[in-house]
Amino acid sequence: MAERVKLLGALPSPFVYRVIWALKLKAIPYEFIEEDLTNKSPLLLKYNPVHKQIPVLLHGDKPVCESMIIVEYIDEMWPQNPLLPNDPYERALARFWVKFAEDKGTSVRRMFLARGEELEKTRKETLEMLQNVEEHGLGEKKFFGGDSIGIADIAFGSVIYWLELIEEVVGEGVIFEAHKFPRLHAWIKNFKQAPIIKENLPDRGWSVTFFKRRREAILAASA
């Protein structure tokens, strides 16, 4: 009997959606367990005692933490519809862009709660990240790995989709403009229109409202 798969998460977390996309692309049945991050469950504290954060994938009684580590675990455990290329060099490239998304995508998360000079700093860092991906990441390919969604697309999909949301929430103007980043705009359009991704994106209107309220509450509490 196959071990049951459970996903501990909270929506609309971009990190949780990375795992959802990977599971759906692999057609792996799973149970989603919604976490209240203001009152973390004993299950979350038990299975991620180090960081106490989501997402956590439970495969049987084995926990795997950190979104992109989970995605790579899924790819190795269930080989159908591979997310990493077979070729060693292409795998190295994919992992490079995953790490780039992890390292540089933090500017988008910091932008969410930034104001004043710090906001301008995060916008500048995000602009530099976008320019690097536009110039060096995609080339003329539909997706990072070619014609199908791979692990780098999952990593950047969460960064760019939530950047669009956060720009609307913060309301300080758009830096992810189509005329400046034509390749990235074509890529994110292809990504969001892929059937599995399209069926598993959070509602935009609800997400903007959610993040606006969350931002206002956090900033008010820190004032």
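These legends describe close-up views of a predicted model of one protein chain.

**Figure 1. The whole chain, with 10 helices and four strands.**
Read from the N terminus, the elements follow the order β-α-β-α-β-β-α-α-α-α-α-α-α-α. The radius of gyration is 18 Å, close to the 17 Å from the globule rule for 223 residues, so the chain is as compact as a globular protein of that length. Along the principal axes, the C-alpha atoms fill a box of roughly 55 × 45 × 30 Å. Of the 223 residues, 47% are buried. Among contacts with a separation of 6 or more, 68% join residues 24 or more positions apart.

**Figure 2. The surface and charges of the chain.**
About 11,700 Å² of the protein chain is exposed. Carbon and sulfur atoms supply 54% of that area. The chain carries 31 positive and 32 negative charges. The mean positions of the two sets are 2 Å apart.

**Figure 3. Two spans taken from the UniProt record.**
The unreviewed UniProt entry lists "domain: GST N-terminal" at residues 3–82. In the model, this span is 36% helix and 21% strand. Its end C-alpha atoms lie 20 Å apart. The unreviewed entry also places "domain: GST C-terminal" at residues 87–211. Here the chain is 72% helix and 0% strand. The end C-alpha atoms of residues 87–211 are 40 Å apart.

**Figure 4. Helix 3 and its surroundings.**
Helix 3 covers residues 67–77. Eight of its 11 residues are buried, so the helix is largely enclosed by the rest of the structure. The buried residues are Ser 67, Met 68, Ile 70, Val 71, Glu 72, Tyr 73, Ile 74 and Asp 75. Charged side chains are thus on the list, with Glu 72 and Asp 75 both buried. The buried residues of helix 3 pack against strand 3 (56–59) and strand 4 (62–65). They also pack against helix 1 (14–25), helix 4 (88–104) and helix 7 (151–170).

**Figure 5. The cis peptide bond between Leu 11 and Pro 12.**
Most peptide bonds are trans. The bond joining Leu 11 and Pro 12 is cis, with omega about 10°. Pro 12 sits in the loop between strand 1 (5–9) and helix 1. Its relative accessibility is 2%, so Pro 12 counts as buried, the cut-off being under 20%. Leaving aside residues up to four places away in sequence, Pro 12 touches Tyr 17, Trp 162, Pro 202, Trp 206, Ser 207, Phe 210 and Phe 211. The C-alpha atoms of Pro 12 and Ala 155 are separated by 15 Å. Along the chain, Pro 12 and Ala 155 are 143 residues apart.

**Figure 6. The loop between helix 2 and strand 3, with Lys 52 and Pro 55.**
A cis peptide bond joins Ile 54 and Pro 55, with omega about 0°. Pro 55 belongs to the loop between helix 2 (42–47) and strand 3. Lys 52 lies in the loop between helix 2 and strand 3. Lys 52 is not a glycine, yet its phi is positive, at about 60°. Most residues other than glycine have a negative phi. With a relative accessible area of 36%, Lys 52 is partly exposed.

**Figure 7. Asn 81, in the loop between helix 3 and helix 4.**
Asn 81 has a positive phi of about 50°, although it is not a glycine. Its relative accessibility is 47%. Asn 81 therefore counts as partly exposed, a class that runs from 20% to 50%. Asn 81 also falls within residues 3–82, the span that UniProt lists as "domain: GST N-terminal".

**Figure 8. Glu 118 on helix 6.**
Helix 6 spans residues 116–136, and Glu 118 is part of it. Glu 118 is partly exposed, at 33% relative accessible area. Asp 147 is 29 residues from Glu 118 along the chain. The C-alpha atoms of Glu 118 and Asp 147 are separated by 38 Å.

Note on methods. Residues are numbered from 1 along each chain as its sequence is written. This is a predicted model: local features need pLDDT of at least 70, side-chain atom pairs count only at pLDDT 80 or more; totals for chains, interfaces and linings use all residues. Side-chain values use heavy atoms; hydrogens and water are left out. UniProt positions are given in the numbering used here, feature names are shortened, and annotations may be inferred rather than shown by experiment. Helices (H or I, at least four residues) and strands (E, at least two) are DSSP runs, numbered from the N terminus. The radius of gyration is taken over C-alpha atoms; the globule rule is 2.2 Å times the number of residues to the power 0.38. Buried means under 20% relative accessible area, exposed over 50%, partly exposed in between (1.4 Å probe, protein chains only). Contact means heavy atoms within 4.5 Å. Accessible areas come from the Shrake-Rupley method with a 1.4 Å probe; for residues, only the protein chains shown count as cover. Lys and Arg count as positive and Asp and Glu as negative; His and the chain ends are not counted. The place of a charge is taken as NZ of Lys, CZ of Arg, CG of Asp or CD of Glu.
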